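Q: I have a structure open in front of me and would like to learn how to read it. Could we start with a single residue and then step back to the whole chain?

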Amino acid sequence: MNKLQNYVTGQWLEGNGEGVPMHDAVTGEIVALSDTKGLDFGEILQYGREKGEVLRNMTFQERGMMLKKLALYLNKRKEQFYEVSYRTGATRIDSWIDIEGGFGNLFANASLRKLFPNQSYHVEGDPIDLSRGGRFMAHHIMVPKKGVAIHINAYNFPVWGMLEKCAVNWMAGVPAVVKPATNTSFLTEAVVREIIASKILPEGALQLISGSARTILDTVESQDVVTFTGSATTGRMLKTHPRIIEEAVPFNMEADSLNASVLGEDAVPETPEFDLFIKEVRNEMTVKGGQKCTAIRRIIVPEKLMEDVQIALGKALDKVTIGDPRLKEVRMGALVSMDQVTEVHDRVKEIAKSAQIVYGNLDKVDVIGADSKKGAFMSPILLRADHPFDNCAAHDTEAFGPVSTLMPYKNLSEAIQLAQMGKGSLVSSIITNDNKIAKEYTVNAASHHGRILILNRESAKQSTGHGSPLPTLVHGGPGRAGGGEEMGGIRGIKHYLQRCAIQGSPTTLTEVTGIYQPKADYKDAEKHPFAYHWEDIEPGMSLKTHKRTLTDGDIVNFANLTWDHFYAHTDITSLDGSIFEKRTAHGYFILAAAAGLFVYPNKGPVAANYGLEECRFLRPIYHNDTVYVRLTCKQKIDRDQRGAELPSGIVKWYVEVFDAEPADDQEDLVAVATILTMVQKKQTVFTEMTSEKIEELLSKLSEDTKPEWGIMTPQHMIEHLEVTYRIASGEIQDFDVATPEKYLEKTYESLYNYEPFPKNTNFPLLTKDTLESLQHPDLETAKQKFLEARNEYLQYFKENPEAKLKNIVFGELNKFEWYLMERKHLNHHFSQFGLL
């Protein structure tokens, strides 16, 4: 029997024990053996801490792009994981939540890179002035912890459970050691194998323990973070581990909880909300066989609607087909194991002591395409507790399977009280079309729940449902639910960062934070800051402008242009009792005038104004006052190349407007703003293909030059380039674009990035793996014809600068886009023959 392997200390290792069998939930067959005997957990954790240096030193942008690349890689291989997932008892829909939901966490966290600075650590919040003169200040930074994230996961989501946590710690720059539940660790191992094979993560960023790890907490350190998902009993035991307490190790616990869904009093039969409620409860009882920490365990409905809900829910459950999850007609698969079936049965019997089973049978289940005696199958069970305040079993006991308990309430206060009797849950929901009911329930119930879904006819079509945690929202809950938080967007990432308050001068803290702090020393730029590419700009780089006097006519003209006729600008007879002394310049005119002073008129790397982030007008400026501006780089933010745009980043500029001649009792600073510009990045990948450069490179090419890839000879390559130029000059246009329409836009946009053409790319006009007949007698003649064709292309666009001509791969291109294509194309083939 095959053993699962553990990926630790940079290698795949088997344990040296007998191993624990893991069973197919559907057939009962042994899938593999789990064995961790002989592993040194202390060594594993230390390996992660030491190797984590690479991950810690990456910027947030680099980590985010790493996650995105990994998500794309795994998504292309998702079908192989579905085949493994069926053996856990999961249907296609169940597996989709687990597998593609896990990959979605990678995508979602990758996008959070845009909210962090372009460095390896985070700067949190606003600067804090600790002195009247502004020369002593403070800020908060958050740096990656220098430990490992130890994830002890439950069996029900072997992929999602791993990736929803790892995506967050990787974004923070912290490596992970994953310990999945043994029952389904064979699916986790399959995904980890692909992750490691991809070589996208730096070594040490992920280690996998495929089985028991009872002593893993014995060597945790204060810089580590431990997360646990599973039963509240096990969680409390781990949380009180002596080493956790001694080292003050952060411990995040997400425990199973008795989540409640409430039907609003307005949601009577034949309303959309009633139907939504029945559908939601049915789904939460049967998706994943009810083995979800967010499943609805308590169904709280108005007393008068108990019979209606029971009947409607019974009819809905009748439609749930159970059996082999590979079959399309099957809606609910198996539980994870026969042991789990036994445990759920025992819990149902406990609840049934104070409630009655009104749907389902513990002793019988009809299945399709499988043997109910060999697989871990179970019928959905609906219980009814008519006296929920007296009988507390449904509020205390969780049956972790397709089980839920129906209970009545007389008024909304009772519904809230019943929901709170679960002593803390991950999620609650209320289904109502009455917003007053929604508000009252939410505000009063929120103290006991980590998330509340308010569902009605308006949100239903786009709702992700009661049981769906989302990467941008916190996942966790108070009390019985563990008191922890996972995911939550930027909040989740901060769990793996150490917050540190830093104090010093603005100039020093500018260097530390990488963000210009007001009143820090300026770094006078040698040329206008807008003349620099994104890479060459640095925080503190500054320009002091010349001066401008704002006249009475300027203010009146601005009022007429904008239709802003506020009295302070246009009616100087109405200034009595106001804060204004004279005709006052519009705040936005001051800002516009400031832009006129600092904007660089020539075409350069600044591609566009990207927006205004903050603006403050500190005191009035009157007619005939003179102002000047300080433009200072505040911060740089990386940005993905997107669409038909050259690669660029965002620069935040701190704009300070000064009164050049302030009165003795006035501050000279009159306005501040932060503006954003999109600034092009340097192109350092490709050699610019001038006529001189091309001739220089052609002189190196001989008949004996060998390609580094592909089958072309030097002459075939030159003749191929000649044909491309004849297409670019309009001489050859009798062809159809070969790129399929659905891929054409993305292909066309790729011209604008700084990525080389892939090696061995096949040109559509050439037969793959076949050399075409040569058109010229020798290489020298081919070179000459190539240069002639290029000159014709240049001349064509000189005479027709607005023209657009087809390219067989990229579609219709204008003059600039043909230039981009030429640069990439020549770099590709000249590199192919070692000329570059």
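Q: Is Gln291 buried or exposed?

A: A residue counts as buried when its relative accessible area is under 20%. In this predicted model, Gln291 has a value of 4%, so Gln291 is buried.

Q: Where is Gln291 found along the chain?

A: Look at the elements on either side. Gln291 sits in a loop, with helix H9 (272–286) before the loop and strand E13 (296–302) after it.

Q: Which residues is Gln291 in contact with, leaving aside its neighbours within four places in sequence?

A: Here we look for heavy atoms within 4.5 Å. With those neighbours set aside, Gln291 touches Tyr155, Asn156 and Phe157, then Ala334, Leu335, Val336 and Gln340, and also Phe400 and Gly401.

Q: What does the side chain of Gln291 reach?

A: For this, follow the side chain to its partner atom. The side chain of Gln291 reaches the backbone nitrogen of Val336, at 3.0 Å. Val336 is also among the contacts listed above.

Q: Now the whole chain, please. How many helices and strands are there?

A: The chain has 24 helices and 30 strands. Its C-alpha atoms fill a box of roughly 90 × 85 × 60 Å along the principal axes.

Q: What percentage of the residues count as buried?

A: The same cut-off used for Gln291, under 20%, applies here. Of the 836 residues, 54% count as buried.

Q: And what percentage of contacts join residues at least 24 apart in sequence?

A: Take the contacts between residues at least 6 apart in sequence: 75% of these join residues at least 24 apart.

Key: Residues are numbered from 1 along each chain as its sequence is written. This is a predicted model: local features need pLDDT of at least 70, side-chain atom pairs count only at pLDDT 80 or more; totals for chains, interfaces and linings use all residues. Side-chain values use heavy atoms; hydrogens and water are left out. Helices (H or I, at least four residues) and strands (E, at least two) are DSSP runs, numbered from the N terminus. Buried means under 20% relative accessible area, exposed over 50%, partly exposed in between (1.4 Å probe, protein chains only). A polar contact is a pair of N or O atoms within 3.5 Å; within protein, one must be able to donate a hydrogen and the other to accept it, and residues adjacent in sequence count only if both atoms are side-chain atoms.
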